[in-house]
Amino acid sequence: MAQISTGNGGLVVVNLRSPGGFTAQVYTHGAHLTSWKTPSGEEQLFLSSQAVFSPPTAIRGGVPLCWPQFSDMGPCSAQHGFARNSEFRVVDAAAPDAVTMELAGTGTAPDFPHPFILRCRVTVGDGWLDQELTAINPEGASAPLRFTAALHTYFRLTHGVAGAAVRGLAGCAYLDNLQARRECTEGNEDVGFEVGEVDRIYCGAPDELAVVDGPRLLRISKSEFPDAVVWNPYIEKAAKMKDFGDDEWRDMVCVEVAAAGSGAVEVAPGAHWAGRQRLTLE
Ligand code: TA6
């Protein structure tokens, strides 16, 4: 059985442990994965020291769920949709190393008038972590369920941004959010973060990527998420975010498996879609 306890801000958190002692924490607020640690306690995810644990505010760091839209790529008024601001319910915590949480909609939301069931399952293993997002269009729904999405992962850098890169994107087309989403092509095998904000949606990105953190490598494997978003806010953007320390841009990078630039996912009534990421420590 996974252990349920009271976390930051008095919020409910589910504590997972792998057979070899790796741990993870998932809050029911936003089904938000906030921590993934090695047996010796080394944190792999970035969580801002200024993060707010007060719903409906989204927690800054860990893995916010962007659904039913990534950024402004959908009908919702809220950037990244409403899943990360919503209270999920635990539907399966029978195993010590995994939890499934669920959010159901009846189609009454003004900017998303569709019934849906959204599930997030996190499993922590010895040296790896799996996260699966499943969107169900209920039987009898009158229309397809259409959404964009991302697992907006904040990775913690232990050797600073100067020694960091995202590897595996050479030749991939991307939309540059800093140039009105102008379409570009990545010329480097390693995307670095030393000269300014990076905010790019790589379309049709390879399913195998890696975060370089000095001598460390953290591998990302994705399925059913065709795209990958890479973001580091750098100095100016960091200073503008109230729930983010001015210098914290040096300690993190976001690599977000996404269904965004390649277009929306469409699920027929009675069907479902499931996107996954596996994070593996080298
Ligand atoms: O990660 C890509 C991005 O869309 C950036 O443009 C930046 O806005 C970031 O998400 C954080 O968004 P948030 O709404 O969490 O402040």
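In what follows, Ala, Val, Leu, Ile, Met, Phe, Trp, Tyr, Cys and Pro count as nonpolar, Asp, Glu, Lys and Arg as charged, and the others, Gly among them, as polar. The structure under study is a predicted model.

**Exercise 1. The cavity**

Determine how many cavities of 30 Å³ or more the structure holds, and characterise the lining of the largest cavity by class.

*Solution.* Step one is the search: over the whole structure, 1 cavity of 30 Å³ or more is found. The largest cavity encloses about 30 Å³ of space.

Step two is to identify the lining, which consists of Phe155, Arg156, Val211, Asp213, Arg216, Leu217 and Leu218.

Step three assigns these residues to elements. At least two residues of the lining come from each of strand S12 (154-156), strand S18 (208-213) and strand S19 (216-223). S19 contributes the most, with 3 residues.

Step four applies the classes: the lining of the largest cavity comprises 4 nonpolar and 3 charged residues, and no polar ones.

**Exercise 2. The ligand site**

Establish which residues surround the ligand, and state which pocket corresponds to the space that the ligand takes.

*Solution.* Begin with the shell. Around the ligand stand Arg60, Phe70, Gln79, His80, Arg84, His152, Asp199, Val229, Trp231 and Glu256. By class, this shell has 3 nonpolar, 3 polar and 4 charged residues.

Next, consider polar contacts, for which the cut-off is 3.5 Å between N or O atoms. Arg60 places a polar side-chain atom 3.0 Å from an oxygen atom of the ligand. His80 likewise has a polar side-chain atom 3.0 Å from a ligand oxygen atom. For Arg84, an N or O atom of the side chain is 2.8 Å from an oxygen atom of the ligand. The ligand taken alone exposes 390 Å², of which the protein buries 85%.

Finally, locate the site: the ligand takes the space of the largest pocket. That pocket holds about 380 Å³ of space. It is lined by 21 residues, and those closest to its centre are Arg60, Gln79, His80, His152 and Trp231. Its lining divides into 8 nonpolar, 6 polar and 7 charged residues.

**Exercise 3. The second largest pocket**

Describe the volume of the second largest pocket and name the element that gives the most to its lining.

*Solution.* The volume comes first: about 150 Å³ of space lies in the second largest pocket. Of its 15 lining residues, Val191, Gly192, Val195, Val198 and Arg200 are the closest to its centre.

The elements follow. Strand S16 (190-191) and strand S17 (198-202) are those that give two or more residues to this lining. S17 gives the most, with 3 residues.

Classification completes the solution, with 5 nonpolar, 3 polar and 7 charged residues in the lining of the second largest pocket.

Conventions:
Residues are numbered from 1 along each chain as its sequence is written. This is a predicted model: local features need pLDDT of at least 70, side-chain atom pairs count only at pLDDT 80 or more; totals for chains, interfaces and linings use all residues. Side-chain values use heavy atoms; hydrogens and water are left out. A residue is near a molecule or strand if one of its heavy atoms lies within 4 Å of it. A polar contact is a pair of N or O atoms within 3.5 Å; within protein, one must be able to donate a hydrogen and the other to accept it, and residues adjacent in sequence count only if both atoms are side-chain atoms. Accessible areas come from the Shrake-Rupley method with a 1.4 Å probe; for residues, only the protein chains shown count as cover. On a 1 Å grid over the protein atoms alone, a cavity is a set of points where a 1.4 Å probe fits but cannot get out, and a pocket is an open set with protein on both sides within 12 Å along at least five of seven lines; lining residues have an atom within 4 Å of a point. A molecule sits in a cavity or pocket if more than half of its atoms lie within 2 Å of its grid points. Grid points are joined across faces, edges and corners, and a volume is the space filled by probe spheres set on the points. Helices (H or I, at least four residues) and strands (E, at least two) are DSSP runs, numbered from the N terminus.
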